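This report looks at two helices and a pocket, taking each in turn.

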Amino acid sequence: PLTWEQVMEKSDDDNREDAFLTVKLIAKNDEVRFKSPLEQIAKRVVNIYRSFVTCLKDMPRPETKLNKSWTKQNLWEVLIEERHVQMAEQKIEEIVHVNLQNVEK
């Protein structure tokens with residue numbers, strides 16, 4: 001999958017990927033296993049959220065497409081350090097942890 005920086009470079013007419021995360025499986029003996037360690041998969045899932053928050057920086061306001069005279073051209077910046085952003089990240093980490101525990105059963 002592309003990084004958020006690569007996605008931001010695309011124009012509105014460019015083709016987009018269908019996935020932000022790829023998890024590969026392998027067959028080993030009579031079992032199907034994840035190719036990457038579960039901890040690494042968990043980090044990648046949380047990183048999607050962090051990248052999403054980061055890519056909101058300098059996001060153009062939809063109104064500016066219709067009317068160029070808007071004084072504020074971009075949406076308000078969202079910072080990863082904001083309390084509600086950190087609380088959401090913690091909730092995502094908890095959900096991922098619970099789901100990965102279920103995978104290990």
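## Helix H2

In this predicted model, the 18 residues of H2 should span 26 Å at 1.5 Å a residue, and this agrees with the end C-alpha atoms, which are 26 Å apart. The helix runs over residues 38-55.

Along H2, the buried residues are Leu38, Ile41, Ala42, Val46, Tyr49, Ser51, Val53 and Cys55. The cover over these buried residues of H2 includes H1, strand S2 (31-34) and helix H4 (83-104).

## Helix H4

For the 22 residues of H4, a rise of 1.5 Å a residue leads to an expected span of 32 Å, and the end C-alpha atoms, at 32 Å apart, agree with it.

Within H4, Val85, Glu89, Val96 and Leu100 are buried; they lie on the same side of H4, because the arc that they cover around the axis is only 40°. Arg83 and His84, by contrast, are exposed on the other side of H4. H2 is included in what covers the buried residues of H4, just as H4 is among the elements that cover the buried residues of H2.

## The largest pocket

The largest pocket holds about 630 Å³ of space. It is lined by 21 residues, of which Thr3, Trp4, Val7, Phe20 and Cys55 are the closest to its centre; Cys55 is also one of the buried residues of H2.

Helix H1 (4-9) and helix H2 (38-55) are the elements that give two or more residues to the lining of this pocket, and H2 gives the most, with six residues. By residue class, the lining of the largest pocket divides into 12 nonpolar, four polar and five charged residues.

Key. Residues are numbered from 1 along each chain as its sequence is written. This is a predicted model: local features need pLDDT of at least 70, side-chain atom pairs count only at pLDDT 80 or more; totals for chains, interfaces and linings use all residues. Side-chain values use heavy atoms; hydrogens and water are left out. On a 1 Å grid over the protein atoms alone, a cavity is a set of points where a 1.4 Å probe fits but cannot get out, and a pocket is an open set with protein on both sides within 12 Å along at least five of seven lines; lining residues have an atom within 4 Å of a point. Grid points are joined across faces, edges and corners, and a volume is the space filled by probe spheres set on the points. Helices (H or I, at least four residues) and strands (E, at least two) are DSSP runs, numbered from the N terminus. Ala, Val, Leu, Ile, Met, Phe, Trp, Tyr, Cys and Pro count as nonpolar, Asp, Glu, Lys and Arg as charged, and the others, Gly among them, as polar. The expected span of a helix is 1.5 Å times one less than its number of residues. Buried means under 20% relative accessible area, exposed over 50%, partly exposed in between (1.4 Å probe, protein chains only). Contact means heavy atoms within 4.5 Å. The arc is that of the directions from the helix axis to the C-beta atoms.
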